[in-house]
2 protein chains.
Amino acid sequence: MQAAGELDYAGPDPTARSLRRGRSGVIGVITEDRLGDAFRDPMNLALLDGIGDGLGDERIGLLVIPLATASGTDLASAPMDAAILLGCSTDVEASVDALRQRRVPVVAIEAAPMAGVIAIDLDNRDASRRGAEHLSGLGHRRVGIVTLPLDAAHTRGQVTAERLSAATAYGTLERLAGARQVFPDAVAVSAAASTVDEGARAARALLDVPRGERPSAVIAQSDLLAVGVLRVAEELGIDVPGELSVVGFDGIRLEGATTHLLTTLVQPAVEKGRRAAEAVLHALSGRPDRAVELHSELRVGTTTAAPARS
Amino acid sequence: MQAAGELDYAGPDPTARSLRRGRSGVIGVITEDRLGDAFRDPMNLALLDGIGDGLGDERIGLLVIPLATASGTDLASAPMDAAILLGCSTDVEASVDALRQRRVPVVAIEAAPMAGVIAIDLDNRDASRRGAEHLSGLGHRRVGIVTLPLDAAHTRGQVTAERLSAATAYGTLERLAGARQVFPDAVAVSAAASTVDEGARAARALLDVPRGERPSAVIAQSDLLAVGVLRVAEELGIDVPGELSVVGFDGIRLEGATTHLLTTLVQPAVEKGRRAAEAVLHALSGRPDRAVELHSELRVGTTTAAPARS
DNA sequence: CTGAAAGCGCTTACAG
DNA sequence: CTGAAAGCGCTTACAG
């Protein structure tokens, strides 16, 4: 120790330790968004809380890698013991291959099913169907849908059959499919992000139309999008829930953003992160993988009611 | 290549490459908050955007390490080529020592001056003083201050001389010192985080008092805190800016959070991150360090006016 | 231009 | 119990 001090020893070097031990103590968190954007979504923050919680006292760092700037090769060249995919598209398979090749366990949160990947899933399709059935049960027949981004390009606008077949965002597609099990012909408009502004933008396309063509209810694929819908309804003088019902998804706290209590599907976001972290630790300890399926609950608030008779 | 395929070669192993090359391609981002909380502050998100931008095409991953769960030793055992300290307290010196020992360049954003650390600074004290002078110039004499957390414990409540001397959050202290250059006796209340709710909580302590004791202006150390102040003023029926002036800090977009245009000190948050990333790349290329000092601009909005005559 | 050797800085299993 | 050796998997400088 004394000698170390005198020689001004710079080590120990964690890289050499990692090489020898075969462990780096780093878990990759892979997102398709830009760095800042990934953390602008409150769902991802809740997820991070859960991951931090699930990792507990394990001295593990999270290496955040935005896929946008990284190719599969870059991914493979980052040191990590395991990887967590944060809401990635159906086309990440190529990037995942690089990790699989390196025998790095991959945990995917709400991703399309992939071989050799540990899935932490949410009942997106089923939950969305239940939300739609709630509207259907109230008597709604003409429903609009505001979707999350369809692909990494985050293009806005009406969801055509063509755009749908080119879409890659798995969660978005699952939620849309669930809603359309109940309302097969519902017009859908995609937003460029899960934000209030984007929700408002999409809502204008659905609501700022002649009264006869206006839907009596809107299903938004996130609570932030739903708040945007509520805001546009207010702008246009459309009473909620009298003239318009609105359903969200997520169940986040909306402190001060709206005076309504949003009807929404409450998902266990923190739990999702916790389970992902547990799955990682489980895989690193060499035990067999097990997939996890989490459930969302419909919470009926004050934004849904029977439609006005037309 | 063919042989590699046949043998099912798992490499190349990034850890071995890092050891040989002496570079891991990883930059540590060190925060004193919990994982999720660090990214709940819009200032940190802007910072991340800037860092991502400043890193540009360099294939570098960000290793996020919450100091709360990491000791100095843990910090030293994480592989990284350089480290960026995100708004850390005056008492991180011990942790920084471990990095310095390893010859890891350390860039500190708005931290207390430390030897061997590359400083990216903001004119917190001077900017706060200018905000206070704006109020003073309008005729305000009795001013309250809502501060950011004073230390890692995030204790709420009135800022006593005792608490002040034990405080460790450098940015908070600088902003407070600047305001008190103009209003030496201003009562200050600390918030537990930079959020609207926390701002409201602190504001109640300052404003929910007999009218004669109420300050005619409140200086909030962040825009989110300022929105909390505005919200409480509305609750208590205090007219802004007629009966109460409010100054914020940061200059973030407050979409829909308030109908006022907040008077605030607009800081170059994205630029701060960009400069930090540049400083890292600069240090990694072996060039001499240079400190950076960024400036904030007072933007006068609709929340400040001359006080009502008492 | 090709191919074998040295070495990055640790940790751990083993010999003394 | 102490101490020297082997080896993690690369990259690069050097010999052929």
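Student: Which residues of H12(B) are buried?
Tutor: This is a predicted model, where local features need pLDDT of at least 70 and side-chain atom pairs count only at pLDDT 80 or more, while totals for chains, interfaces and linings use all residues. Residues are numbered from 1 along each chain as its sequence is written, and chains are lettered from A and ligands numbered from 1 in the order in which they are written. A residue is called buried if 20 or more other C-beta atoms lie within 10 Å of its own, exposed if 12 or fewer, and partly exposed in between, with C-beta atoms placed from the backbone. In H12(B) that label goes to Ala269(B), Lys272(B), Gly273(B), Arg274(B), Arg275(B), Ala276(B), Ala277(B), Glu278(B), Ala279(B) and Val280(B).

Student: How far does H12(B) reach from its first C-alpha to its last?
Tutor: Helices (H or I, at least four residues) and strands (E, at least two) are DSSP runs, numbered from the N terminus. H12(B) covers residues 269-284, which is 16 residues. The expected span of a helix is 1.5 Å times one less than its number of residues. That gives 22 Å for H12(B), close to its actual reach of 23 Å.

Student: What do the buried residues of H12(B) pack against?
Tutor: Packing here rests on contacts: two residues are in contact if their C-beta atoms, placed from the backbone, lie within 7 Å. One partner is a helix and the others are strands, namely H4 (42-55), S1 (26-31), S3 (82-86), S4 (106-109), S5 (118-122) and S12 (292-294) of chain B.

Student: Which residue with a positive phi follows H12(B)?
Tutor: Look just past the helix for a phi near 80°. The residue there is Gly286(B).

Student: Which residues have the most contacts inside the largest nonpolar core?
Tutor: A nonpolar core is a set of buried Ala, Val, Leu, Ile, Met, Phe, Trp, Tyr and Cys residues joined through C-beta atoms within 7 Å. Leaving out residues up to four places away in sequence, Ile84(A) touches nine others, among them Ile27(A), Val107(A), Ala276(A) and Val280(A). The largest core has 189 residues, and the most contacts inside it belong to Ile84(A) and Ile84(B).

Student: Which element gives the most to the side of chain B that touches chain A?
Tutor: Here 38 residues of chain B are in contact with 38 residues of chain A. On the chain B side, H2 (14-21), H3 (35-38), H4, S2 (61-66), H5 (72-77) and H10 (196-207) each supply at least two residues. With six residues, the element that gives the most is H4(B).

Student: What is the bridge partner of Leu63(A) in S2(B)?
Tutor: Two strands pair if DSSP finds at least two bridges between them. S2(A) (residues 61-66) and S2(B) meet in the antiparallel sense over three bridges. In S2(B), the partner of Leu63(A) is Leu63(B).

Student: Which are the edge strands of the open sheet of chain A?
Tutor: That sheet has seven strands with mixed pairing, in the order S7-S8-S6-S9-S10-S11-S13. An edge strand pairs on one side only, and this is true of S7(A) (157-158) and S13(A) (297-299).

Student: In S10(A), what is the bridge partner of Ile219(A)?
Tutor: S9(A) (residues 217-220) runs parallel to S10(A) (residues 245-250), and three bridges join them. Opposite Ile219(A) in S10(A) is Val247(A).

Student: Which side chains of S8(B) point to one face and are buried?
Tutor: Side chains alternate along S8(B) (residues 187-190), and Val187(B) and Val189(B) point to the other face and are not buried. S8(B) pairs with S6(B) (residues 143-147) in the parallel sense over four bridges, and with S7(B) (residues 157-158) in the antiparallel sense over two. Both Thr147(B) and Gly157(B) stand opposite Ser190(B). The buried ones are Ala188(B) and Ser190(B).

Student: Why does Ser296(A) count as buried?
Tutor: Ser296(A) sits in the loop between S12 (292-294) and S13 of chain A. The residues it touches include Leu122(A), Asp123(A) and Leu265(A), not counting residues up to four places away in sequence. Ser296(A) counts as buried because its number of C-beta neighbours inside 10 Å is 22.

Student: How far apart are the C-alpha atoms of Ser296(A) and Arg130(A)?
Tutor: Along the chain, Ser296(A) and Arg130(A) are 166 residues apart. In space, their C-alpha atoms are separated by 9.7 Å.
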